[in-house]
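User: I've got this one open in the viewer and would like to talk it through. Could we begin with the cysteines and then move on to the rest?

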Amino acid sequence: MKKAEKARRRDIHRLLDLALDINGLGERKRSVTGCRPTVFFEYSGHVAKIRVDVHRYGWEPDQGPDFCVSAYTDGSAGLCDAVRELEGCIAGERIVG
């Protein structure tokens, strides 16, 4: 595996880790967890894209995310930016699971 690919994989893993740090592994919707934040992590392999949606006060149907980051996985710079943005959102909003 090339160095650039390892860096991209590290950033993808970091995004997923941040999502799991907030969500845990249980069901996360407002009716179950109250106003605790919920994060969606989506990988679209057909276009090599990652998207992470943050619902600060929990997920509810028909409600869009409060914050979103996305990046194509075939370019390391976009992934680095996405990690920084999500970490900044979490730190700035004090979003924790």
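User: So how many disulfides does the count come to?

Analyst: This is a predicted model, and the count comes to 0 disulfides.

User: Why is there no bond between C80 and C68?

Analyst: The sulfur of C80 has its closest cysteine sulfur in C68, but that is 18 Å away and therefore too far for a bond, given that a disulfide requires the two sulfur atoms to lie within 2.5 Å.

User: And how accessible are C68 and C80?

Analyst: C68 counts as partly exposed, with a relative accessibility of 30%, and C80 is also classed as partly exposed, at 25%.

User: What stands opposite C68 in β3?

Analyst: That is D53; β3 pairs with β2 in the antiparallel sense, over 6 bridges.

User: Staying with β2, what does its other pairing look like, the one with β1?

Analyst: Strand β1, residues 38–44, runs antiparallel to β2 and is joined to it by 7 bridges, with K49 in β2 serving as the bridge partner of S44. The hairpin of these two strands has 4 residues between them, and A48 takes a positive phi near 55° there.

User: Is β2 largely enclosed or open, and why?

Analyst: β2 is largely enclosed by the rest of the structure, because 5 of its 7 residues are buried.

User: Switching to the core, which residues have the most contacts inside it?

Analyst: The largest nonpolar core has 16 residues, and those with the most contacts inside it are L15, V39, V52 and L86. The elements giving two or more residues to this core are α1 (3–23), β2 (49–55), β3 (67–72) and α3 (76–93).

User: What does L86 touch, leaving out its sequence neighbours?

Analyst: Apart from residues up to four places away in sequence, L86 touches L15, L18, V52, V54, F67 and V69.

User: L15 brings me to α1, so which of its residues are buried?

Analyst: The buried residues of α1 are A7, D11, I12, L15, L18, A19, I22 and N23. Viewed down the helix axis, they fall within an arc of 155°, so they line one face of α1.

User: And what does the face turned away from that side carry?

Analyst: That face of α1 carries the exposed residues K3, K6, R10 and D21.

User: Last one: how far does α1 reach, and what follows it?

Analyst: With 21 residues, α1 reaches 30 Å from its first C-alpha to its last, close to the 30 Å expected at 1.5 Å a residue. G24 follows α1, and its phi is positive, near 75°.

Definitions and conventions:
Residues are numbered from 1 along each chain as its sequence is written. This is a predicted model: local features need pLDDT of at least 70, side-chain atom pairs count only at pLDDT 80 or more; totals for chains, interfaces and linings use all residues. Side-chain values use heavy atoms; hydrogens and water are left out. A nonpolar core is a set of buried Ala, Val, Leu, Ile, Met, Phe, Trp, Tyr and Cys residues joined through side-chain atoms within 4.5 Å. Buried means under 20% relative accessible area, exposed over 50%, partly exposed in between (1.4 Å probe, protein chains only). Contact means heavy atoms within 4.5 Å. The expected span of a helix is 1.5 Å times one less than its number of residues. The arc is that of the directions from the helix axis to the C-beta atoms. Two strands pair if DSSP finds at least two bridges between them.
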